[in-house]
Amino acid sequence: MDRLLLGLPNSAGRLTYVGTVKTGFTDAMRTDLATRQRPLQQQRNPFTGQPQDEPLHGVRWVRPELVGEVRAMEWTANRHLRLASWRGLRPDLDPSDLNMAELRLMQQQCEITPR
């Protein structure tokens, strides 16, 4: 595994692509993620659309059942994370706990604005 495609549920509960994370993984994290993702693999793209800014050759789609935390430098104008770094899995959260509206509120509270 060399990267993860990231998504957040939109107001309709569908997964919206928000970027890619390629850094911040230890070897142990990579092994753990691969083990956890194996039973979640599926043929279907789980996102509402095709991620446009990411090459998809070799991508393995999984059901969106894991929650991870990333740190990013900023959000772009098209609501993608820029320079995201992996922080780790969040077993205390369920994907249904997350949504784009809450994320926008957090952005405002942290004074993070899209460019």
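Author: Contact here means heavy atoms within 4.5 Å. Keep in mind that this is a predicted model.

Reader: OK, so leaving aside its neighbours within four places in sequence, what is L4 in contact with?

Author: Take the 4.5 Å cut-off and skip the neighbours within four places in sequence. L4 is one of the residues of the largest nonpolar core, and some of its partners sit in that core too, including V21 and L33. The full set of contacts for L4 is G19, T20, V21, F25, L33, Q37 and W86.

Reader: Q37 turns up there. Is Q37 buried or exposed?

Author: Q37 sits in helix α1, which covers residues 27-37. Leaving aside neighbours within four places in sequence, Q37 touches M1, L4, V62 and L66. Its relative accessibility is 17%, and the cut-off for buried is under 20%. Because of that 17%, Q37 counts as buried.

Reader: Let's go to the sheet. Which strands stand at the edges?

Author: Four strands make an open sheet with mixed pairing, in the order β1-β2-β6-β3. Two of them have a single partner strand each, so one side of each is left without a neighbour in the sheet. From one strand to the next, the twist averages 50°. The edge strands are β1 (4-9) and β3 (68-71).

Reader: And what angle does the direction of α1 make with that of β6?

Author: Helix α1 packs on the sheet. It touches β1, β2 (15-23) and β6. Its direction and that of β6 make an angle of about 65°.

Reader: In which sense do β3 and β6 pair?

Author: Four bridges join β3 to strand β6, residues 84-89. Among the residue partners, V70 goes with W86 in β6, and G68 goes with L89 in β6. On β2, by contrast, two bridges lead to β6 and those strands run parallel, with T23 partnered by S85 in β6. For β3 and β6, the sense is antiparallel.

Reader: Back to the largest nonpolar core. Which element gives the most to it?

Author: This core has 11 residues: L4, L6, L8, V18, V21, F25, L33, W75, L81, A84 and W86. The elements giving two or more residues are β1, β2 and β6. With three residues, the one that gives the most is β1.

Reader: How many residues are in the other core?

Author: That other core lies apart from the largest one. Among its members are L5, Y17, F47 and W61. Ring pairs also link Y17, F47 and W61 into a cluster. The residue count for this core is five.

Reader: Now the rings. Why does the pair of F25 and W86 tie together parts of the chain that are apart in sequence?

Author: The structure holds three aromatic pairs. F25 and W86 form a stacked one, at 5.4 Å centre to centre and 20° between the planes. F25 lies in the loop between β2 and α1 and W86 in strand β6, so the parts they tie together are 61 residues apart in sequence.

Reader: Are F25 and W86 buried or exposed?

Author: Both are listed in the largest nonpolar core. Buried means under 20% relative accessible area. F25 and W86 are each buried.

Reader: Last one: what kind of pair do F47 and W61 make?

Author: Both F47 and W61 are buried. Each lies in the loop between α1 and β3, 14 residues apart. Their ring centres are 6.2 Å apart and the planes stand at 75°, so the pair is edge-to-face.

How values were computed
Residues numbered from 1 in each chain as written. Predicted model: local features only at pLDDT ≥ 70, side-chain atom pairs only at ≥ 80, totals over all residues. Heavy atoms only, no water. Buried < 20%, exposed > 50% of the residue type's maximum accessible area, 1.4 Å probe, protein only. Pairing = 2+ DSSP bridges. Axes fitted to C-alpha atoms, helices over the stretch in contact; angles between N-to-C directions. Core = buried A, V, L, I, M, F, W, Y, C linked by side-chain atoms within 4.5 Å. Phe/Tyr/Trp six-rings, centres within 6.5 Å; stacked < 30°, edge-to-face > 60°.
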